[in-house]
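Student: I'd like a close look at one part of this model, with the rest brought in only as it helps. Could you walk me through it in one go?

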Amino acid sequence: MRTPHVVVVMGVAGTGKTTIGPLLAAQLGVPYAEGDDFHPEANIAKMSAGTPLTDDDRWPWLDALGSWADGRAGLGGVVSSSALKRSYRDRLRYVAPGIVFVHLTGSRELIEERMSQRQGHFMPTALLDSQFATLQPLGPDEDGVAVDVAGSPEEITERAVTALRALVPAAAGGAPRPPQPSPR
């Protein structure tokens, strides 16, 4: 399956965005971009210190992600982003209309267990509660699918590809450009 759409792999920390994103990109035959690479150093320092980011911290990051996605319009791509709030996804869609989301979901217990096994990542498990508190699942009017993260990375990726196959024809026309959320 090759897609001209840019797919945003989203979800709380520890759901496997960085693992599933490249696997999904390989299955779709498109490039992958690691969303964390678009964070300014100040954001990484805050998260490393266990301080949640504010919306003001996120706007430039989301704009950078959206610019990458917009540059891939019609060519396809996969990028990871927590995209926890509807306003964040609206911002991404404003910059890059037509993107679709793969929301990686799972139980808090499973995600915390996986986070505790990660090494060298700047996001501590202490921020997991704030991630779940912030999460606003995809709405019925958002182009995207929810994919359970139970199982192996290959099983999760296959579920995502299957779900996208069902979704992409519906999303092929693209979505109208939503109003731009204004930073506070």
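Student: Which residues in the largest nonpolar core touch the most other members?

Tutor: Before the answer, keep in mind that this is a predicted model. The mean pLDDT of the protein is 85, with 83% of its residues at 70 or more.

Now the core. It has 19 residues, and those touching the most other members are Val7, Leu24, Val78, Val102, Leu104 and Leu164. At least two residues each come from β1, α1, β4, β5 and α7 (153–171). The biggest giver is α7, with five residues. Apart from this core lies another one, of 16 residues, including Val6, Met10, Ala33 and Leu62. As a general point, nonpolar side chains in soluble globular proteins tend to be buried together.

Let's start from Leu24. Its place is in helix α1, and it counts as buried because its relative accessibility is 0%, against a cut-off of under 20%. Leaving out residues up to four places away in sequence, Leu24 touches Val7, Val9, Val78, Val102, Thr157, Ala160, Val161 and Leu164. Take Val102 from that list: Leu24 and Val102 are 78 residues apart in sequence, yet their C-alpha atoms are 10.0 Å apart in space. For the protein overall, among contacts between residues at least 6 apart in sequence, 77% join residues at least 24 apart.

Next, the sheet. It is open, has five strands in the order β2-β3-β1-β4-β5, and its pairing is parallel. The edges are β2 (32–33) and β5 (144–148), each of which pairs on one side only. Helix α1 (residues 17–28) packs on this sheet, touching β1 (6–10), β2, β3 (77–80) and β4, and its direction makes about 155° with that of β1.

Look along β1 and you'll find cover throughout: five of its five residues are buried. Val7 and Val9 point one way from the strand, while Val6, Val8 and Met10 point the other way. Tie that back to the cores: Val7 is among the residues with the most partners in the largest one, whereas Val6 and Met10 belong to the other. Leu24, for its part, touches both Val7 and Val9.

On one side, β1 pairs with β3 in the parallel sense over four bridges. Val8 stands opposite Val79 there, and the bridge partner of Val9 is Ser80. Strand β3 has both faces covered too: Gly77 and Val79 are buried on one side, Val78 and Ser80 on the other. Of these, Val78 is another of the well-connected members of the largest core. Going on to the edge, β2 and β3 pair in the parallel sense over two bridges, and Ala33 stands opposite Val79.

There's a small detail just after β3 that you may want to look at. Ala83 lies in the loop between β3 and α4 (86–95). Its phi is positive, about 45°, although it is not a glycine. Ala83 is buried, because its relative accessible area of 1% falls under 20%.

Back to β1 and out the other way: β1 and β4 pair in the parallel sense, again over four bridges. Here Met10 has His103 as its bridge partner in β4. Strand β4 (residues 100–105) then runs parallel to β5, joined to it by five bridges. Leu104 stands opposite Val147 in β5, and Leu104 is also one of the residues touching the most other members of the largest core.

A word on how far to trust the pieces. Of the elements, β2 has the highest mean pLDDT, 98, and helix α5 (residues 108–117) the lowest, 79. Over residues 170–184 the pLDDT stays under 50, and the model has 26 contacts beyond four places in sequence for that stretch.

To set the core in the whole chain: the protein has seven helices and five strands, and from the N terminus the elements run β-α-β-α-α-β-α-β-α-α-β-α. Of its 184 residues, 45% count as buried. The protein exposes about 8,300 Å², with carbon and sulfur atoms supplying 54% of it.

Conventions: Residues are numbered from 1 along each chain as its sequence is written. This is a predicted model: local features need pLDDT of at least 70, side-chain atom pairs count only at pLDDT 80 or more; totals for chains, interfaces and linings use all residues. Side-chain values use heavy atoms; hydrogens and water are left out. Two strands pair if DSSP finds at least two bridges between them. Contact means heavy atoms within 4.5 Å. Axes are lines fitted to C-alpha atoms, for helices over the stretch in contact, and angles run from 0 to 180 degrees between N-to-C directions. Buried means under 20% relative accessible area, exposed over 50%, partly exposed in between (1.4 Å probe, protein chains only). Accessible areas come from the Shrake-Rupley method with a 1.4 Å probe; for residues, only the protein chains shown count as cover. pLDDT is the predictor's confidence in each residue, from 0 to 100. A nonpolar core is a set of buried Ala, Val, Leu, Ile, Met, Phe, Trp, Tyr and Cys residues joined through side-chain atoms within 4.5 Å.
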